[in-house]
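Student: I'd like a close look at a single part of this protein. Could you pick one helix, walk me through how it sits, and then follow the side-chain pairings outward from there?

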Amino acid sequence: MTPGTLFLVSTPIGHLEDFSLRAINCLKSCQGIACEDTRVTQKLLNRYAITQKLVSYRDANEKQKALELLKYLQNGETWALVSDAGTPLINDPGFCLVRACKENNIPVVPIPGPCALIAALSASGLPVHRFLFEGFLPPRSHGRQAFFKAHASATYTVIAYESCHRIQAALQDLIATLGPDRVICVARELTKCHESILTGPAGSIAPQVVARGEVVILIAPEGF
Ligand code: SAM
């Protein structure tokens, strides 16, 4: 039996038109779509008139679902994996499934597209050639301060995701550890109608940041 293929399909991070023709065609033609929240993905499918079977694949059920999906793939089916927004696996579920495919010689094909960290980096005005992505910032002040201290002498741009509820506290921790002159970028609500991308010294950016929506924080290399 020839195995099927797992497609990793990136989806919009806000603007629903940021969805490639190849992604749409893949979702239309595959045998099923594994997604995080079926209601979120259903909205995207409705926008593009895609009728397709959705199976929930979340952090909580990832290991067990990976085995189920592996069986379908081994039986020659083609499946797509999407997350609620952006690129699957990037701070989203999918690692177990991709590992299982690799271990069982099942082709894994990316269909690239939106990714919040890349969109933020490209428009930040900070150095782009070398960067470190750290996922979500630690949730507590102590952890965040340790994080900022660890990256104080970075010679590359450091990127992290943060919740809007904690962005002000995170910026205060950043200023307390790296100082108000460290250049940062706060990219909020990318591709949405209230998109804001603020770049400058942390001390002047922090008061302008609205604690709403989705946020990427970028820290310039020391001395930039
Ligand atoms: N897989 C996604 C990607 O490719 O970017 C990331 C998923 S992660 C669970 C969600 C986090 O990504 C949010 O908390 C926020 O930090 C960031 N994010 C997602 N969409 C965003 C947007 N439109 N603007 C700014 N940040 C965004």
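**Helix H2 and its surroundings**

Tutor: Let's start at the end of the helix, where the charged end of Arg47 sits over the ring of Tyr48, 5.0 Å from its centre. Keep in mind that this is a predicted model.

Arg47 has a second partner too: Glu17 makes a salt bridge with Arg47, with 3.9 Å between the closest N and O atoms. Glu17 belongs to the loop between strand S1 (6-9) and H1, while Arg47 belongs to helix H2, so this pair ties together parts that are 30 residues apart in sequence. As for solvent, Glu17 counts as exposed because its relative accessibility is 54%, and Arg47 counts as partly exposed at 41%.

Now the helix itself. H2 covers residues 38-47, and its buried residues include Thr41, Leu44 and Leu45. Those three span an arc of only 100 degrees around the axis, which means they share the same side of H2. Look to the other side of H2 and you find Arg39, Lys43 and Asn46 exposed. The general rule helps here: an α-helix has 3.6 residues a turn, so residues three or four places apart point the same way. What do the buried residues of H2 pack against? Their partners are helix H1 (21-29), strand S2 (32-35) and strand S3 (54-56).

Both ends of H2 have something to show. At the start, a side-chain oxygen of Asp37 comes to within 2.9 Å of the backbone nitrogen of Arg39. After H2 comes Ala49, with a positive phi near 50 degrees.

Moving outward, there's another charge over a ring: the charged end of Lys53 sits over the ring of Tyr72, 5.9 Å from its centre.

Back to salt bridges, of which the structure holds eight. In one of them, Glu68 and Lys65 meet through their side chains at 3.4 Å, N to O. These two are three residues apart in helix H3 (residues 62-74), which means about one helical turn separates them. Glu68 is partly exposed, its relative accessible area being 29%, whereas Lys65 is buried at 16%.

Another bridge joins Asp173 to Arg144, where the closest N and O atoms are 2.8 Å apart. Since Asp173 lies in helix H7 (residues 167-178) and Arg144 in helix H6 (residues 141-150), the pair ties together parts that are 29 residues apart in sequence. Asp173 and Arg144 are both buried. There is also a network of salt bridges, linking Glu189, Lys192 and Glu214.

Last, the aromatics. Searching the whole structure turns up five aromatic pairs. One of them is Phe133 with Tyr161, edge-to-face, at 4.9 Å centre to centre and 65 degrees between the planes. Phe133 sits in strand S6 (residues 131-136) and Tyr161 in strand S7 (residues 157-163), so the pair ties together parts that are 28 residues apart in sequence. Phe133 is partly exposed at 25% relative accessibility, but Tyr161 is buried, with a relative accessible area of 10%. Why is the pairing of Phe147 and Phe148 called edge-to-face? Their ring centres are 5.6 Å apart and their planes stand at 80 degrees, and planes over 60 degrees apart count as edge-to-face. Phe147 and Phe148 are both buried. Finally, Phe133 and Tyr161 join Phe136 in one aromatic cluster.

Key: Residues are numbered from 1 along each chain as its sequence is written. This is a predicted model: local features need pLDDT of at least 70, side-chain atom pairs count only at pLDDT 80 or more; totals for chains, interfaces and linings use all residues. Side-chain values use heavy atoms; hydrogens and water are left out. Rings of Phe, Tyr and Trp (its six-membered ring) pair if their centres lie within 6.5 Å; planes under 30 degrees apart count as stacked, over 60 as edge-to-face and the rest as tilted. Helices (H or I, at least four residues) and strands (E, at least two) are DSSP runs, numbered from the N terminus. Buried means under 20% relative accessible area, exposed over 50%, partly exposed in between (1.4 Å probe, protein chains only). A charge sits over a ring if NZ of Lys or CZ of Arg is within 6 Å of the ring centre and within 35 degrees of the ring normal. The arc is that of the directions from the helix axis to the C-beta atoms. Contact means heavy atoms within 4.5 Å. A polar contact is a pair of N or O atoms within 3.5 Å; within protein, one must be able to donate a hydrogen and the other to accept it, and residues adjacent in sequence count only if both atoms are side-chain atoms. A salt bridge is a side-chain nitrogen of Lys or Arg within 4 Å of a carboxyl oxygen of Asp or Glu.
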